[in-house]
Protein chains: 2
Amino acid sequence: MSKLTKSSSVAPPSVPATARSYHHGDLRSELLDAAARLLREEGEAGLSMRRLAQELGVSRTAPYHHFADKHSLLCGVAEEGFRRFRRVLSESELGLHGVLREDSLRDFSRRYVDFAVNNAEYYDLMFGGKLWKSQALTESLKTEAYRAFREYLGYIRGYQQQGQISSEVAPLRFAQLSWSTLHGISRLLIDGIYLESEVVEEMCRTAAEMFARQARL
Amino acid sequence: MSKLTKSSSVAPPSVPATARSYHHGDLRSELLDAAARLLREEGEAGLSMRRLAQELGVSRTAPYHHFADKHSLLCGVAEEGFRRFRRVLSESELGLHGVLREDSLRDFSRRYVDFAVNNAEYYDLMFGGKLWKSQALTESLKTEAYRAFREYLGYIRGYQQQGQISSEVAPLRFAQLSWSTLHGISRLLIDGIYLESEVVEEMCRTAAEMFARQARL
DNA sequence: GCGCAATGTAGACAGTGTCAAGATGCTCTG
DNA sequence: CAGAGCATCTTGACACTGTCTACATTGCGC
């Protein structure tokens, strides 16, 4: 019984006053939120299944009734990340399908990189080897993950059909290449390699310029 | 004494016949090699300090006389990776400082991505958040890491001074942007995201084309 | 109201990184 | 050649991890 350390935490995580009576109520989604929070605040090393359970005031093994294992839990977090990611990207000018201007590419690039940098705890899982290399992505995660890229590819195809992108450009290749660039910028920024966060703006501008030239706008 | 499992390994790792007598002889470098091998064969999860020690037939804590902790060991592996990386890149046509052609950029890109894909166990450490985020890179690793990029930047500056790259291009920005692209391609390939290894060649070709246009060759 | 499925719990096991204390043997100085 | 000093290696211990098994409690549908 010595583990009710929850009462010692400064701000109890929004439990509705009725303290809790054996059954938690909404453990699954609270696990996902707490996991993301721990990752953000303390990095990968700060997240353990046991710690997570303790933080939410349940026993060590309770989370296993909602996620088969740690891997599944992380897939769940990544999935939530993709939902937020798609929402951000879909608000981009790029989806408007009018005239394709360099500004639109810049806006998209900026949104992409900003999301990655400001939601690194999600981005790391969404586009990191940790989950993908395991070759065991949740089916729902796979769906969500590919949808993001497919939507982007759809934009490119749309613009090409409207004659806004040279017909000599292979849409898939163009999409992969520009996505790679944005991914590379994001990764270097997040990990603090060769790039400082002060240059985000300029990197995105130059990247968009490069994309535009490649598309022969 | 039951831990001399080394004799049970199929191919003893090139020990000079004189089996070993308390002192190992060259543990440090064997640790680095074995660590890279384990990472390659079994991934990050397959590498533990204890496993490493057992594999080399020494006690669990012996490695700690050569590396302060696991982190330092990994820094050592990454450093070796950078040495190999620089060697590969320096053989590129890009270093020749004659006329800059798209072919040179393609050759460089190809070498970069090929190294990353075929030496993923090194690349992951060299350019992964695992070490960089810790903010505690070994001094010698930092040196080696920045040297790689500085050499590349040097190539770009050299070509610009020879009038091979438009003076409107900021060399640092161009270097960062193209490096980001190559990094992004490599990461997506290694992690198996959106890119299949069959398209390596074409991605590199298209990337070089894009770089060349940006440089206004 | 009852039974079952969902959800919670404690106990145990093998594995991890790493610290502290002690054993061994190479090397160099006297 | 003796022996001191030091690098190296060893065993023991600790706190932590993910996850398995077995058991307890509860809410919901009949």
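## Largest pocket

On a 1 Å grid over the protein atoms alone, a pocket is an open set of points where a 1.4 Å probe fits, with protein on both sides within 12 Å along at least five of seven lines. Its volume is the space filled by probe spheres set on the points, which are joined across faces, edges and corners. In this predicted model, the largest pocket has a volume of about 1500 Å³.

The lining (residues with an atom within 4 Å of a point) of the largest pocket consists of 44 residues. E44(A), K130(A), E44(B), G129(B) and K130(B) lie nearest the pocket centre. The lining divides into 19 charged (Asp, Glu, Lys and Arg), 15 nonpolar (Ala, Val, Leu, Ile, Met, Phe, Trp, Tyr, Cys and Pro) and ten polar residues (the others, Gly among them).

## Relation of the copies

Chain B is superposed on chain A by a rotation of 180° with 0.0 Å of shift along the axis, at an RMSD of 0.0 Å; the fit is by least squares on the C-alpha atoms of residues with pLDDT of at least 70 in both copies. The two copies are thus related as by a two-fold rotation axis.

Of the interface residues of chain B, 100% are also interface residues in chain A, so the copies meet through the same surface.

## Basis of the values

Residues are numbered from 1 along each chain as its sequence is written, and chains are lettered from A in the order in which they are written. Local features need pLDDT of at least 70, side-chain atom pairs count only at pLDDT 80 or more, totals for chains, interfaces and linings use all residues, and side-chain values use heavy atoms, without hydrogens and water.

Methods. Contact = heavy atoms within 4.5 Å.
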